[in-house]
Amino acid sequence: MILDSKIPEGPLAEKWDKHKFNVKLVNPANKRKYDIIVVGTGLAGASAAATLAELGYNVKAFCYQDSPRRAHSIAAQGGINAAKNYQNDGDSVYRLFYDTIKGGDYRAREANVYRLAQVSVNIIDQCVAQGVPFAREYGGLLANRSFGGAQVSRTFYARGQTGQQLLLGAYSALNRQIAYGKVKMYPRTEMLDLVMVDGKARGIVTRHLITGKIESHSAHAVILATGGYGNVFFLSTNAMGSNTTAIWRAHKKGALFANPCFTQIHPTCIPVSGGYQSKLTLMSESLRNDGRVWVPKAVGDNRPADQIPEDERDYFLERKYPSFGNLVPRDVASRNAKLACDEGRGVGTTKLAVYLDFADAIKREGLEKISQKYGNLFDMYSKITGENPYEQPMRIYPAVHYTMGGLWVDYNLMTTVPGLYATGECNFSDHGANRLGASALMQGLADGYFVIPYTIGDYLAQNPTARVETSHPAFKEAEANVQADVNRLLSINGTRTVDDFHKALGHIMWDYCGMARNAEGLQFAKQEIRKLRDEFWRDVKILGTNEELNVTLEKAGRVADFLELGELMVEDALNRNESCGGHFREEYQTPENEALRDDENYTYVAAWEYTGPNQQPVLHKEELKFENVKLTQRSYK
Amino acid sequence: MAGNNPNSKPMNLTLKVWRQKNSKAAGNLETYQIKDISPEMSFLEMMDVLNEDLLLKGIDPVAFDHDCREGICGMCSLYINGRAHGPERGTTTCQLHMRKFSDGDTITIEPWRAGPFPVLKDLCTDRSALDRIQQAGGYISVNTGGVPDANEIPIPKTIADKAFDAATCIQCGACVAACKNGSAMLFTSAKVSQLAMLPQGQVERKTRVENMVAQMDKEGFGACTNIGSCAAECPVGISLENIAMLNREYIGASFTSENV
Amino acid sequence: MSWFSKTFSSSIGRKLLVAVTGLFLCSFLVVHLVGNLQLFKGDGGASFNIYSHFMATNPLIRTMEIVLVLGFVFHIYEALVLTRRNKSVRPVQYAYNRPQDNSNWSSRNMGLLGTVILVFLIIHLYNFFWRARFGEPNMIPIEGTDYDDLYSVVVQSFHLWWYVLIYVLGQIALGYHLYHGFSSAFHTLGLNHKKYTPAIQKFGAFFSIVVPAGFAAMPLYFFIKDVVL
């Protein structure tokens, strides 16, 4: 298989405009003859569904939650980047492009990233027109802040809930189309298989989570916008229901999976408190603008924070990275927290945490100012931990937050399956090996509002309007397979719960394929995952039937897919003999413990092909060509 | 293993949980004993522990809605000891922690109760009526593309902040659950007043409020009698003022709009 | 449905009617209270009887009487429709409910309070209004003219302890009803403002204490003055 990224010819800045002119258009009168399925209603899905319906296509949108407004985009706190240069501080489309490529450690496609930076400005306009209440200055114009170590203030924000406000904007646009009848909404419905007819994606099979009904839906194209797969680690900042099932089953039907091992670990999360822990809560990394990260200098120092004198504290980020200090990128901050804990200098009862201290900031700016800036985050922290961060330092620890990997897509966001698209976090395209803060929301909305509406038309215009009935044998076969999988799960009647398996998988992934990886550990993890998967299919305990709301059955299906995906992530991590971004291989580091890239051999996208159960996946490489930026070693010293 | 307080002792609790097979079946409160609950657990983690326990005993686990578990998606619900989202103010059930309870407590857990929120199973209810109210007009009719530059619409910060306060609604339905009348006025008013305050919302201002109120009534929610339980139990603190604003908007629109 | 009936059959429209009629009834309470203060004049009821005569014969007052009756009818009818509708919204009640943690008792019990007031009103109307209008009270000459001696009817009624008790209880119910109702009516009309709402709420509280206290003072005054002392 040759991976054709379909990047348009011409200078970087003109590629997208040129491409928009070159794509084929669907006649307005014909748009109503095309049906499009959108799976997932977060930023990428809701924006795509609404926009495609506005254009005149018939859209069917699916989400597993009870309302499209609950998709996990809603939990994003910090903000959304856009190259508006409203602050006159030297930002530009090119600078946002450059920062994103560099932040991604040179493992993203130039053309995609440039387009992302270009349309970023349209996103803000669109959201404001929808009534999204971004933060404003007293003069009534939009406010910006610097975020995640960026040297310019290009982040638009809505208090600590930018994700919710942007999603409500997209949700309102979606609602308008639902009211018009152009979008048919299917909440509490989970996609369980992709249906292909004549080599093209023509529909999906779903299970209704309340009635258990297994149903087919046919369309001319299918868009997956199902988010990230961070829950493969069991504990992550993802929602409890976030899963890989839709993209994994598409992968099994032929869509290549790119860079699965690129996982972002976010440094400022509330630490795990016990084995019952069900998820991790992230706090916006804006906290690092004023908070100072430290651990005791001495190993095994069990004194409470306030009894450790200043000269016995190690502000390790400030010490190691004098110019960026506490504002180093996420991967660097996370890895250093892990290092400190590995050395036995962690704090709290679990020793898996570092301090984030606001005492100096409060002394400098006053309690009130700090409370204005971070009040809601401090409240959240004290609600969860029962501690008061105004009086004692917060304890933080890194947690799995975002997955840069995902289905491989070309410039048009089409996967290797014709007619199957992937948008937002579930594709691999824009963030390389590490995503910059406030860029996830940007990518989700860019894909949904401004990219897919153009590129999908190009595909549809070249395909006939004839519909495929769901009585087609391909649908019947897929339905039968889904039913068989469900039956198989229900018939095991073992002794271990689904969560038990999920936690076991999470431990393997976190220990061997988490913040730091090495070949030996990865080899071991691969064996362990296989063993665990065998045991799962032998010994998982699921009660009840398919024809009801059966939470355990739902979870089992998702965990079964995680158990397969986990192995592929390990495989990918093992293959990539370099350190880059969120992928840190202990064997490949500089003498100062920084990530050591191998541009000579690994400047490619690793796209994996599924070859069957327990079969070795096949690696396909898409070479990355950097024509505009020079590859340099990231340095935040 | 406690995260911050090594002295916090595990608790034993009695749970009375509403069990209902499906929307048609009759339900009842079942009593379960649960042991060794850490005060550091969230309420839903306590429910997870209960469910693992039930599952291993061969009893169908308790179904309850939840997703983000960080207080923003609005999917979690639960009427805990007579209160929507439990005893702590300004907190969703997923952010409620067991340190708010004491060893030996009995905790009664029921689903949201309202005709427009039928129970689907156990503690899960169907809140799609709220979506339909939004679909009736909770939007500004702009298509993607062709909109003015974001800074061409200046908005005074005070107005923007007030609109923001209204926009923080997470659509959990606690207002309906807590209201003696099962009224969805606080929910509806949050969206109406957010958009009525913003310049972008002016064009459809009258039609929006008329349509959203009509849908709210059609869904069978009760009428507001200004009791104020809704705002008191709202996990994100949506203010009762929004209801006054909705009243004003609705009365004004009814008498002045061109819709006859 | 016409826009008019659509508006006034909506939940907000009906509530609007309750609020408007409620505020109108509040204005009646003020007039009624101020007029009846003449009971305290200590002139053997002369001013009160002249005032009563004026109220019963003045054409404007008689017209307003019809408006007042309509005010009551609408207030009660709309409140009844809303209460019934609201009751039906929750077919399955909570097994365990603690509304006292999130709201005032009076706010939750406007229907109950209203019913108590209605019962009181019927007793009150029967005893005074009905007897004044359709009964044949004694006549009393004041400054050469014969007047119905309603003052004596009032004084004698308030010598009965149980009758006084009914009045006091009725006024307590009215107090609670007004405590929620007064400011709530402004809320329903959408009249809220950062600057004025606190004043409205304070005035509402003041109103809900002073007006019922004024009314309750009348039976208590005569009972204490004539019976206790």
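Colleague: Which residue of chain C meets the side chain of Arg83(B) in a salt bridge?

Modeller: Keep in mind that this is a predicted model. A salt bridge here needs a side-chain nitrogen of Lys or Arg within 4 Å of a carboxyl oxygen of Asp or Glu. Arg83(B) has a partner in chain C at 3.4 Å, N to O, so the pair passes that cut-off. The partner is Asp101(C).

Colleague: How many salt bridges does the rule find across the interface of chain C and chain B?

Modeller: The pair Arg83(B) and Asp101(C) is a salt bridge between these chains. For the interface of chain C and chain B, the rule gives a total of two.

Colleague: And how many residue pairs are in polar contact between chain C and chain B?

Modeller: For this count, both residues must reach pLDDT 80 or more. With that condition, chain C and chain B share 30 residue pairs.

Colleague: Which helices of chain C each supply at least two residues of the side that touches chain B?

Modeller: Start at the beginning of chain C, where helix H1 (3–9) and helix H2 (11–36) both qualify. Further along come helix H4 (59–89) and helix H5 (105–108). The list is completed by helix H8 (161–188).

Colleague: What classes of residue make up that side of chain C, and how many are charged?

Modeller: On the side that touches chain B, chain C has 12 nonpolar and 16 polar residues. The charged residues number eight.

Colleague: How much area do chain C and chain B bury between them?

Modeller: The contact involves 36 residues of chain C and 50 residues of chain B. Carbon and sulfur atoms account for 54% of the buried area. Between them the two chains bury about 3,500 Å².

Colleague: Which three residues supply more than any other three of the area that chain C buries against chain B?

Modeller: Together, these three supply 19% of what chain C buries there. They are Ile12(C), Tyr94(C) and Asn102(C).

Colleague: What about chain C as a whole: which pattern does it follow along the sequence?

Modeller: Chain C has nine helices and two strands. Buried residues make up 41% of its 229 residues. Read along the sequence, the pattern is α-α-α-α-α-α-β-β-α-α-α.

Colleague: Over in chain A, is Pro322(A) buried or exposed?

Modeller: Pro322(A) sits in the loop between helix H8 (316–320) and helix H9 (330–342) of chain A. Its relative accessible area is 62%, and the cut-off is over 50%, so Pro322(A) counts as exposed.

Terms used. Residues numbered from 1 in each chain as written. Chains lettered and ligands numbered in written order. Predicted model: local features only at pLDDT ≥ 70, side-chain atom pairs only at ≥ 80, totals over all residues. Heavy atoms only, no water. Contact = heavy atoms within 4.5 Å. Buried area = accessible area lost by both parts, 1.4 Å probe. Polar contact = N/O pair within 3.5 Å; in protein donor to acceptor, adjacent residues only side chain to side chain. Helix = DSSP H or I, 4+ residues; strand = E, 2+ residues; numbered from the N terminus. Nonpolar A, V, L, I, M, F, W, Y, C, P; charged D, E, K, R; others polar. Buried < 20%, exposed > 50% of the residue type's maximum accessible area, 1.4 Å probe, protein only.
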